[in-house]
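Here is a short, friendly briefing to read with the structure open beside you. It goes from the overall layout to the ligand shells, then to the helix contacts and the backbone details.

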Amino acid sequence: MLKFLIVGAGGIGGYYAARLLHAGHDVVLTARGAHLAALQEQGLTVQYGDEVWSFPVQAMDHAGVVARYRPDDFDVVVVTLKSTATETMLKELGPWLFHGKVPVLSLQNGVDNEPELASLLGEHRVLGGLAVRIGGHILQPGVVEAEGPAQVIMGEWPVAAEPGSRRALLEQLRDEFEAAGIPTTVSDNIRYELWRKLVINNGVNPLSALTGLDTQSLTHHPEFQKIVRGMMAETVAASKADGVNLGSADLAEMFELISNFNAIKTSMLVDKEKGRPLELDSIAGAVLRRCSQMGIDAPYTTTVNALLMHSQTASDQSA
Ligand SMILES: NC(=O)C1=CN([C@@H]2O[C@H](COP(=O)(O)OP(=O)(O)OC[C@H]3O[C@@H](n4cnc5c(N)ncnc54)[C@H](OP(=O)(O)O)[C@@H]3O)[C@@H](O)[C@H]2O)C=CC1
Ligand SMILES: CC(C)(CO)C(=O)C(=O)O
């Protein structure tokens with residue numbers, strides 16, 4: 001059995017934590033505020049389809065982790081924060097993590113989290129990863145709802161090296177995740193996989209937050225689906241700045257995947273409804289920065305990003 005530290009156990013982290021706890025692993029969760037208080041007092045409850053799982057959990061804030069544990073007490077640290085929280089987390093846990101050897105696996109959307117982790121810890125400590133075909137959200141403090149097969153794709157950051165300890169750990173993690181009911185693939189090129197996921201996220205997340213529509217409504221709408229495809233095409237173009245070279249087949253595959261998946265409220269729409277910070281800079285911003293670097297126009301992403309930033313400013317002013 002393995003010992004996991006799941007950093008930022010909200011929709012995604014809470015769901016995977018429940019699967020791992022159910023399989024008998026030792027899991028420590030980090031959270032804050034009312035969600036943390038509920039986890040400590042009532043435990044973690046996950047609603048998945050018709051099933052409801054409840055577990056008492058070890059949950060604490062980041063100061064609690066630093067006070068109670070050494071980094072190498074854990075076999076792996078899994079980061080399931082929003083990208084907007086990665087920098088703060090590195091201030092809170094970075095110096096503690098720095099003095100250990102434990103690998104850190106990011107399961108966040110976006111292509112800039114792993115480089116941020118690697119800039120402090122070194123690439124040899126970082127595992128890239130993503131959560132695919134899952135919708136998962138905090139319903140109320142201590143309670144998470146999740147849907148979809150909830151796959152994980154992960155790999156050595158930035159690409160697979162010679163066989164070594166990180167590869168061995170990834171294979172062990174894959175086997176343990178599979179046994180826990182988490183379909184998992186180890187990729188030799190995780191940066192490519194992260195960019196493919198960004199095609200989906202830039203395609204639907206900002207537009208869903210702007211319109212209030214779920215992924216099915218957007219991808220099956222005669223006009224909105226053109227915008228989704230446009231934002232996906234701009235993400236494909238942006239990937240070249242990172243030497244990833246996605247192509248039209250990736251766009252077609254990612255559009256198929258999201259348009260045939262459940263009608264999901266994207267994580268950005270949920271954040272918008274709850275008045276929380278949006279992962280806009282790490283999704284649309286990441287695409288726009290690369291396009292601008294290459295001198296390419298990205299009119300769909302520019303427009304949706306600007307409208308969403310404007311609506312955020314307007315709602316901040318009226319709050
Ligand atoms: N939700 C989804 O369906 C999917 C999400 N993803 C990606 O997975 C990642 C995680 O998303 P999601 O699970 O929705 O995120 P959530 O917002 O549900 O969970 C993150 C949790 O981390 C907490 N947190 C933030 N900062 C700190 C801190 N400094 N100390 C302790 N706790 C902290 C948050 O608390 P607080 O609320 O107080 O900020 C929240 O409870 C994102 O990158 C997202 O894009 C990928 C696939 C699907
Ligand atoms: C679009 C979706 C649900 C795909 O898994 C996602 O990644 C998100 O909501 O952030």
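The chain is assigned two domains, domain 1 (3–188) and domain 2 (192–317), with bounds that come from an automatic or database domain assignment. Please keep in mind that this is a predicted model: local features need pLDDT of at least 70, side-chain atom pairs count only at pLDDT 80 or more, and totals for chains, interfaces and linings use all residues. Residues are numbered from 1 along each chain as its sequence is written, while chains are lettered from A and ligands numbered from 1 in the order in which they are written.

**How the two domains meet**

- Between the C-alpha centres of domain 1 and domain 2 there are 24 Å.
- Each side brings residues to the contact: 17 from domain 1 and 17 from domain 2, where contact means that C-beta atoms, placed from the backbone, lie within 7 Å.
- On the domain 1 side, β8 (126–132) and β9 are the elements that give two or more residues; helices (H or I, at least four residues) and strands (E, at least two) are DSSP runs, numbered from the N terminus.
- Strand β8 has the largest share of that side, with three residues.
- By class, the domain 1 side has four nonpolar, nine polar and four charged residues. Here Ala, Val, Leu, Ile, Met, Phe, Trp, Tyr, Cys and Pro count as nonpolar, Asp, Glu, Lys and Arg as charged, and the others, Gly among them, as polar.

**Around ligand 1**

- Ligand 1 is surrounded by 30 residues, and the closest are G8, G10, I12, Q108 and N109; a residue belongs to such a shell if its C-beta atom, placed from the backbone, lies within 6 Å of the molecule.
- At least two shell residues come from each of α1 (11–22), α2 (33–42), α4 (86–98) and β9 (135–140).
- Of the elements, β9 gives the most, with four residues.
- The shell around ligand 1 holds eight nonpolar, 17 polar and five charged residues.

**Around ligand 2**

- The shell around ligand 2 consists of N109, I134, G135, I200, N201, V204, N205, T215, I264, T266 and S267.
- Both domains take part, as domain 1 and domain 2 each supply at least three residues to this shell.
- Helix α7 (residues 190–211) gives the most here, with four residues.
- No charged residues appear in the shell around ligand 2, which has four nonpolar and seven polar ones.

**Helix contacts of α7**

- Helix α7 packs against helix α9 (residues 224–238) at an angle of about 140 degrees, with the axes 8 Å apart. Axes are lines fitted to C-alpha atoms, for helices over the stretch in contact, and angles run from 0 to 180 degrees between N-to-C directions.
- That angle makes α7 oblique to α9: angles under 35 degrees count as roughly parallel, over 145 as roughly antiparallel, 65 to 115 as roughly perpendicular and the rest as oblique.
- In this pair, L198, V199, N202, G203, V204 and L207 of α7 meet F224, I227, V228, M231, M232, T235 and V236 of α9.
- The contact of α7 with α9 has ten nonpolar, three polar and no charged residues.
- With α12, α7 packs at an angle of about 115 degrees, and the axes are 9 Å apart; α7 is therefore roughly perpendicular to α12.
- The α7 side of that contact is L198, N201, N202, N205 and P206, and the α12 side is I283, A284, A286 and V287.
- Six nonpolar, three polar and no charged residues make up the contact of α7 with α12.

**Helix contact of α12 with α13**

- Helix α12 (residues 281–293) and helix α13 (residues 299–318) pack at an angle of about 140 degrees, their axes 10 Å apart, and are therefore oblique to each other.
- A284, V287 and L288 of α12 meet T301, T302, V304 and N305 of α13.
- That contact divides into four nonpolar, three polar and no charged residues.

**Backbone details to look at**

- Most residues other than glycine have a negative phi, and most peptide bonds are trans.
- W157 and P158 are joined by a cis peptide bond, with omega about 0 degrees.
- P158 sits in the loop between β11 (151–156) and α6 (165–179).
- R133 is not a glycine, although its phi is positive at about 50 degrees.
- The loop between β8 and β9 is where R133 lies.
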